[in-house]
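Biologist: I am new to this structure. Please take me through one part of it closely, the nonpolar core, and then what lies around it.

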Amino acid sequence: MEMQIKEILGVTPKLMVVCGRIDEYRTAGIVTPMGDVYSYGILLMETFTRKKPTDDLFVGELTMKKWVSESFSQAVLSIVDANLLAREKEDFSENGSCLSMIMEVALNCTEDSPDERINMRDVVGRLTKIRQRLKGL
């Protein structure tokens, strides 16, 4: 099966495992929109943390998703790119709040079960509200 995936999709199974999507391909055998939602969540995490799922930080059981999830409940601002949080700005707290909301969207996109993931229409709605909130600063 892994060889078929590599031949069809042109990506190595290792990369797909890193991104956490191999189980969906194995069970369903097809690419689904909810798999794309998962990928978008990973992309959001990459964008706002400046990390990649293949970084050396993520070894063994520690994945990007797990790292973000564990940090989200404790100190999400410690994992986001420091360049996004200019501390001298008076709106530091509000920026941090918006970044927390973005990471929450990313985690909603990367739920383990495709049925539990947020749909893209809701993702766009949430991100639009966050953008409007940032524009108001």
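Modeller: Let us start with the core itself. This is a predicted model. The largest nonpolar core has 23 residues, and Met45, Val68 and Met103 touch the most other members. Four elements give two or more residues to this core: H4, helix H5 (64-75), helix H6 (92-109) and helix H7 (120-135). Among them, H6 gives the most, with eight residues. In soluble globular proteins, nonpolar side chains tend to be buried together.

Now the setting. The protein has seven helices and zero strands. Read from the N terminus, its elements run α-α-α-α-α-α-α. Of the 137 residues in the protein, 33% are buried. Take the contacts with a separation of 6 or more: residues 24 or more positions apart account for 51% of them.

Next, H4. This helix covers residues 33-49, which is 17 residues. From its first C-alpha to its last it reaches 24 Å, close to the 24 Å expected at 1.5 Å a residue. Its buried residues are Gly35, Val37, Tyr38, Gly41, Ile42, Leu44, Met45, Phe48 and Thr49.

Met45 deserves a closer look. Set aside its neighbours within four places in sequence. Methionine 45 is then in contact with Arg50, Met64, Lys65, Val68, Met103, Ala106, Leu107 and Thr110. Two names on that list, Val68 and Met103, stand beside Met45 among the core residues that touch the most other members.

Arg50 is also on that list. Arginine 50 comes just after H4, in the loop between H4 and H5. Its phi is positive, about 60 degrees, although arginine 50 is not a glycine. Arginine 50 counts as exposed, because its relative accessibility is 56% and the cut-off for exposed is over 50%. So here a buried residue of H4, Met45, is in contact with an exposed residue of the loop, Arg50.

Lys65 is another contact of Met45. Lysine 65 lies in helix H5. Is lysine 65 buried or exposed? Lysine 65 is buried, because its relative accessible area is 17% and buried means under 20%. Its side chain reaches the backbone oxygen of threonine 110 at 2.7 Å. Leaving aside neighbours within four places in sequence, lysine 65 is in contact with Tyr38, Met45, Leu107, Thr110, Glu111 and Asp112. Leu107 and Thr110 are contacts of methionine 45 as well.

Tyr38 leads on to another part of the chain. Tyrosine 38 and asparagine 119 are 81 residues apart in sequence. In space, their C-alpha atoms are 9.9 Å apart. Asparagine 119 has its place in the loop between H6 and H7. With a relative accessible area of 35%, asparagine 119 is partly exposed.

What does asparagine 119 do at the start of H7? A side-chain oxygen of asparagine 119 reaches to within 3.0 Å of the backbone nitrogen of arginine 121. A polar atom of the asparagine 119 side chain also lies 2.8 Å from the backbone nitrogen of aspartate 122. H7 itself has 16 residues. At 1.5 Å a residue they should span 22 Å, and the end C-alpha atoms are 22 Å apart, so the two agree.

Now the aromatic rings. A pair of aromatic rings is described by the distance of the centres and the angle of the planes. The count comes to one aromatic pair. Phenylalanine 58 and tryptophan 67 have ring centres 5.5 Å apart and planes at 65 degrees, so the pair is edge-to-face. The angle decides this, because edge-to-face takes planes over 60 degrees apart. Both partners are buried: phenylalanine 58 has a relative accessible area of 10%, and tryptophan 67 is at 14%.

Last, the cysteines. How many disulfides does the structure hold? The structure holds zero disulfides. Cysteine 98 is buried, with a relative accessible area of 1%. Cysteine 109 counts as buried too, at 0% relative accessibility.

To go back over the main points: Met45, Val68 and Met103 touch the most other members of the core. H6 gives eight residues to this core. Arginine 50, in the loop between H4 and H5, is exposed, whereas lysine 65, in H5, is buried.

Conventions
Residues are numbered from 1 along each chain as its sequence is written. This is a predicted model: local features need pLDDT of at least 70, side-chain atom pairs count only at pLDDT 80 or more; totals for chains, interfaces and linings use all residues. Side-chain values use heavy atoms; hydrogens and water are left out. Rings of Phe, Tyr and Trp (its six-membered ring) pair if their centres lie within 6.5 Å; planes under 30 degrees apart count as stacked, over 60 as edge-to-face and the rest as tilted. Buried means under 20% relative accessible area, exposed over 50%, partly exposed in between (1.4 Å probe, protein chains only). A disulfide is a pair of cysteine sulfur atoms within 2.5 Å. The expected span of a helix is 1.5 Å times one less than its number of residues. A nonpolar core is a set of buried Ala, Val, Leu, Ile, Met, Phe, Trp, Tyr and Cys residues joined through side-chain atoms within 4.5 Å. Contact means heavy atoms within 4.5 Å. A polar contact is a pair of N or O atoms within 3.5 Å; within protein, one must be able to donate a hydrogen and the other to accept it, and residues adjacent in sequence count only if both atoms are side-chain atoms.
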